[in-house]
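This briefing covers the aromatic side chains of one protein chain. Please look at how rings meet other rings, and then at how charged groups meet rings.

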Amino acid sequence: MYADFDEDEKNEITQDLYAEKRAALGQIKYLDVFRRKTRGRVEDRYVDPTDGRLGVLVIQASTSIYNSRNKTTWRRTYIENVSPYFVRLAYWPMSGNHQNPDEWGRDRWIYVGLRWLPSCIGILISMFGPTDAGGQIRNNGFYDPFSYRFWSYPKIARNVYENRPPGGDSSRIEDRIIRPRKLCFLDATSEENPNGLLAEEAWGGRKPTYIFISYTGQGQFGRRCKTKALHRIARVAASNAGVSAYWTDQCCMSTDPEEFSKDIYRISDVVRNADSLAIVLGESGGGKTKQIQELLVEWGTRLWTFPEALLAPSKKDILIYRRGYDNSPLALSRLELSHRTWAKNQFCLRVRELIDHYDNTLTLSRLELVVIVLECLLSRETTIFSEGDLAYALMGLLRQRPTTDKSDSAFQAFARLSLANDSDRLLERMICLLPKDQLKFNSRNRHYWATLDDFWDAKLWDIEPICQIAAIGMDDTVVLDGAHAATIHWNSFQRVAITTKETWTRMISRTLLRLTPVYLSSGIISILARSTPAAVIFMILAVVFTLISPLLILHVYSGKVWSTQPWLFGFEGHLPIKEIEKKIFGFPQNRLTWAPYASTFSRHRPHESFLKNECRGIDPTKDAAVKSLVDRGPTAEYGEPRVFTLLTSGIGTVTLFAAERPPVVALLCGSEGGMQRAIMCSYDWPTQTLYRETVLRMETRVLEKMPRVGRVSFGLRRNVQGEPETWPSSSLETTDLADGPMWV
């Protein structure tokens, strides 16, 4: 088995087998970006951007959520204040008061006065030690990267040379057929062959002009040559059309299972080559006689009849025959047929656009064609022949037809079709959408991925992808390449390095603060040396500078920010922006604002006190519906959407959003409306797959500081089976993966 392996590979395999024997039962293998091999038990984890190792996912949460019962799969911790102590001391006397001292009352001034002296003393003590309040400049001023690499083979790669060997070209394009395999000829009927069925090699000199017989086998007719009435009507229709034969799937398809499967998806070619289309309507069960209009609507609800009507020859009317009324067909144009059949369908206008396209009176782009057809097919009914039936029905309308694979899921079949046709990067656009109905999207519907509505009402052609689908993965995943990615820090805030303008007042304030311990020390030394004049001068200066030290500190560390070290911080729950600024900077400075249109919760309004038509984001909890969802956070059950807050320090915005799980990485995959679509993803580390939790909109300038990530395994929906047996505590205690690799 390992004959072709070199010695190093054989040694590695031996060590792997040895580690397998001593590994604990139930532990999962993981290979990180640096090829370190580790194992761990299943729980929520993230990739540490500093070393590429897996870490236990710990989420900082607001007080109400932290104190509630933890019915989640992640651990929680409280939100820690990371600002320097001396900055907090400087703001402490003013905390809780209105920012404008002109509006303070007597009680407020007393409140400040009682706290002022303790604050000054604390600042003085802190000045004797290091007082670096600046954050760390890291990653050359970029966001923390997502230290990840996808190591596995995909199910099918865009480039066939990347598939797992040995393997054939599983992305091979199926050939179209020029003629049907079989036809039922009117002049070939006999007692042995009552339907006149002849294979292509037996046609002889017959001219293979034929009509296509469309019907529904669900209720109106049986299948596979069991209904004589269908063939009787078909012969009448062919004779009336002046052709020599007809085609029906009841007997004109191969009896070989493999060829029969291919023939199903080649029906569109048969329709295209037909002289005309005839629809044969039967009677539904139940004994109730229906009008032709009812039967026609019933015919139109089926999945496969829709593309048959679209591909019918446009220059000839479609003849509609009803069982029992063989000699009085109803002739309808394709447009009139659509009106009678799909007028009450929610996509009736879409059907009209498709008919105009195939009648060459309207030109749809490739992307528009696929989107509109997909929307129409989703409302049809079908008896499941394979999981990919929806994609295979769509395939008949497109130029390229990849080989069908019965092991494909509905999503994989569609992804394979999309890659083969290069439909203007349809999949890349689809993953950037945020479905309006998340409950429907997360349901067990096998066509969940085909939800093309967007919360912001963007169409697929409004989105410009900035990444590429490189392959189709296992379990309804794809392999994304070239997306911009940044890690989200959930366990705590960090001090944010900022750059402010260095003014002469800040320079003097900083100098006075540094001189205060020097003056105090010099005064004490002068007293001990009995140098009274010097002692008095030094002590007066020390006391004065100490008493004004809170004001000096607030002046030094305030001001407008010219540049910022980019971070993505997150926490569970909601906090006012002033509280967030206190946690990071020590005191509120209006450095952060609510993102006006970044999430489903974002709200904005005009602010015209100074600038007319100024758009300003507001606290989403001012909306009663959002406030209700935030208040429900502490009692939310497992699997329900939870409220999270994302802080983007690079652009100074705060975004409130909902997701079932905290996303650990932001993937920027496309742009729309002057904003970037950021796919917020959780990480399923046992499969190395990122799953979409929600989609946010970020300003385009974040791209400048967000690095690209290599190929990642990506899924639209995580498959979760029930609740976990135990719940994690809100504790940092954990049995983490080994600090080092279990083996080399």
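The points below deal with aromatic pairs, a cluster, and charges placed over rings. The model is predicted. In total, 22 aromatic pairs are present in the structure.

**Tyr-148 and Tyr-683**
- The ring centres of Tyr-148 and Tyr-683 are 5.9 Å apart and the planes stand at 80°, so this pair is edge-to-face.
- This pair links distant parts of the chain, with the two positions 535 residues apart.
- Tyr-148 belongs to the loop between helix H4 (106–126) and strand S7 (156–157), whereas Tyr-683 is part of strand S28 (residues 675–684).
- Tyr-148 counts as buried because its relative accessibility is 6%, under the 20% cut-off.
- Tyr-683 has 4% relative accessibility and therefore also counts as buried.

**Phe-493 and Phe-571**
- Phe-493 and Phe-571 make an edge-to-face aromatic pair, with 6.1 Å from centre to centre and 80° between the planes.
- The two residues are 78 residues apart, and their pair links distant parts of the chain.
- Phe-493 is found in the loop between strand S18 (484–487) and strand S19 (498–500), and Phe-571 in strand S21 (residues 568–572).
- Phe-493 and Phe-571 are both buried.

**Aromatic cluster**
- One aromatic cluster is formed by Trp-74, Trp-490, Phe-644 and Phe-657.

**Charges over rings**
- Lys-705 has its charged end over the ring of Phe-142, at 5.6 Å from the ring centre.
- Arg-717 lies over the face of Tyr-448, 3.7 Å from the centre of the ring.

Conventions:
Residues numbered from 1 in each chain as written. Predicted model: local features only at pLDDT ≥ 70, side-chain atom pairs only at ≥ 80, totals over all residues. Heavy atoms only, no water. Phe/Tyr/Trp six-rings, centres within 6.5 Å; stacked < 30°, edge-to-face > 60°. Helix = DSSP H or I, 4+ residues; strand = E, 2+ residues; numbered from the N terminus. Buried < 20%, exposed > 50% of the residue type's maximum accessible area, 1.4 Å probe, protein only. Lys NZ or Arg CZ within 6 Å of the ring centre and 35° of its normal.
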